[in-house]
Amino acid sequence: MKSYPIDYLKYWRVIRFYMKSKHGLSQADLDIILFLYSEGYFGRADFVKFAEIVSWEVARFKRLWKDGWIEHFRKGTGRTRAIYQLSPKAKSVVLDIYRKLNGEEIPTSLSYNPMFLKNVKYTDKVYRTMILQMNAYYREKKKQSLTKTTKDD
């Protein structure tokens with residue numbers, strides 16, 4: 001079996017839960033944002049086409065637009081349709097996900113991670129433990145790669 005230098009998906013569930021908790025997104029919202037990230041510009045029909053495969057919500061497009069996840073690139077006129085793009089807010093969430101998948105630690109301070117507050121749900125407490133474990137795993141991996149490169153020199 002071929003192994004890859006970084007196991008990107010090992011902690012995907014933990015990273016996904018953290019992002020949803022931090023930004024108040026549903027799983028479907030996050031899936032749509034991840035899909036639209038590589039699309040660049042899109043019309044409402046493109047949005048609806050992908051939204052068909054996630055849990056159905058009539059007002060999702062309007063809500064994401066109102067909450068600042070989607071913005072107009074070009075407003076529609078009589079003969080042209082409106083074109084949309086992800087907002088900088090949405091793009092920064094996707095880039096943050098990529099950074100976490102590449103080994104950046106999830107913050108454990110109360111001011112940056114709502115899951116570390118005192119009065120949270122049980123699920124948040126379980127994921128807190130996994131975040132600490134994931135951060136320790138990434139620290140160990142970095143330490144191993146540093147010792148490996150110093151031995152090679």
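Here a trainee and a mentor talk through a predicted model, two residues and two helix pairs at a time.

Trainee: Let's start with Q85. Is Q85 buried or exposed?

Mentor: Look first at where Q85 sits, which is strand β3, residues 83–86. Its relative accessible area is 15%. Buried means under 20%, so Q85 counts as buried.

Trainee: Which residue does the side chain of Q85 meet in a polar contact?

Mentor: Start from the contacts of Q85, leaving aside neighbours within four places in sequence: G40, Y41, F42, I70, E71 and F73. One of these also makes a polar contact, side chain to side chain, at 2.9 Å. That partner is E71.

Trainee: Now for K125. How does its relative accessible area class it: buried, partly exposed or exposed?

Mentor: K125 belongs to helix α6, residues 122–152. The relative accessible area here is 37%. Since buried means under 20% and exposed over 50%, K125 is partly exposed.

Trainee: Which residues does K125 touch, not counting those up to four places away in sequence?

Mentor: M1 makes a useful reference point, 124 residues apart from K125 along the chain, with 35 Å between the two C-alpha atoms. For touching, we set aside residues up to four places away in sequence. What K125 then touches is K118 and V120.

Trainee: On to the helices. Are α1 and α2 roughly parallel or roughly perpendicular?

Mentor: Helix α1 covers residues 12–23, and its axis lies 10 Å from that of α2. The two pack at an angle of about 105 degrees. Angles of 65 to 115 degrees count as roughly perpendicular, so α1 and α2 are roughly perpendicular.

Trainee: How many residues of the contact of α1 with α2 are charged?

Mentor: From α1 come W12, R16 and K20, which meet Q27, L30 and L34 in α2. Three residues of this contact are nonpolar and one is polar. The number of charged ones is two.

Trainee: What about α2 and α3: is their crossing left-handed or right-handed?

Mentor: Helix α2 spans residues 27–37 and helix α3 residues 44–51, and their axes come within 10 Å. They cross at roughly 130 degrees, which makes α2 oblique to α3. The crossing is right-handed.

Trainee: And how many residues of the contact of α2 with α3 are nonpolar?

Mentor: On the α2 side we find D31, I32, F35 and L36, and on the α3 side F47, F50 and A51. The contact has no polar residues and one charged residue. The nonpolar count is six.

Methods
Residues numbered from 1 in each chain as written. Predicted model: local features only at pLDDT ≥ 70, side-chain atom pairs only at ≥ 80, totals over all residues. Heavy atoms only, no water. Helix = DSSP H or I, 4+ residues; strand = E, 2+ residues; numbered from the N terminus. Buried < 20%, exposed > 50% of the residue type's maximum accessible area, 1.4 Å probe, protein only. Polar contact = N/O pair within 3.5 Å; in protein donor to acceptor, adjacent residues only side chain to side chain. Contact = heavy atoms within 4.5 Å. Axes fitted to C-alpha atoms, helices over the stretch in contact; angles between N-to-C directions. Parallel < 35°, antiparallel > 145°, perpendicular 65-115°, else oblique. Left-handed = near helix turned anticlockwise from the far one by under 90°. Nonpolar A, V, L, I, M, F, W, Y, C, P; charged D, E, K, R; others polar.
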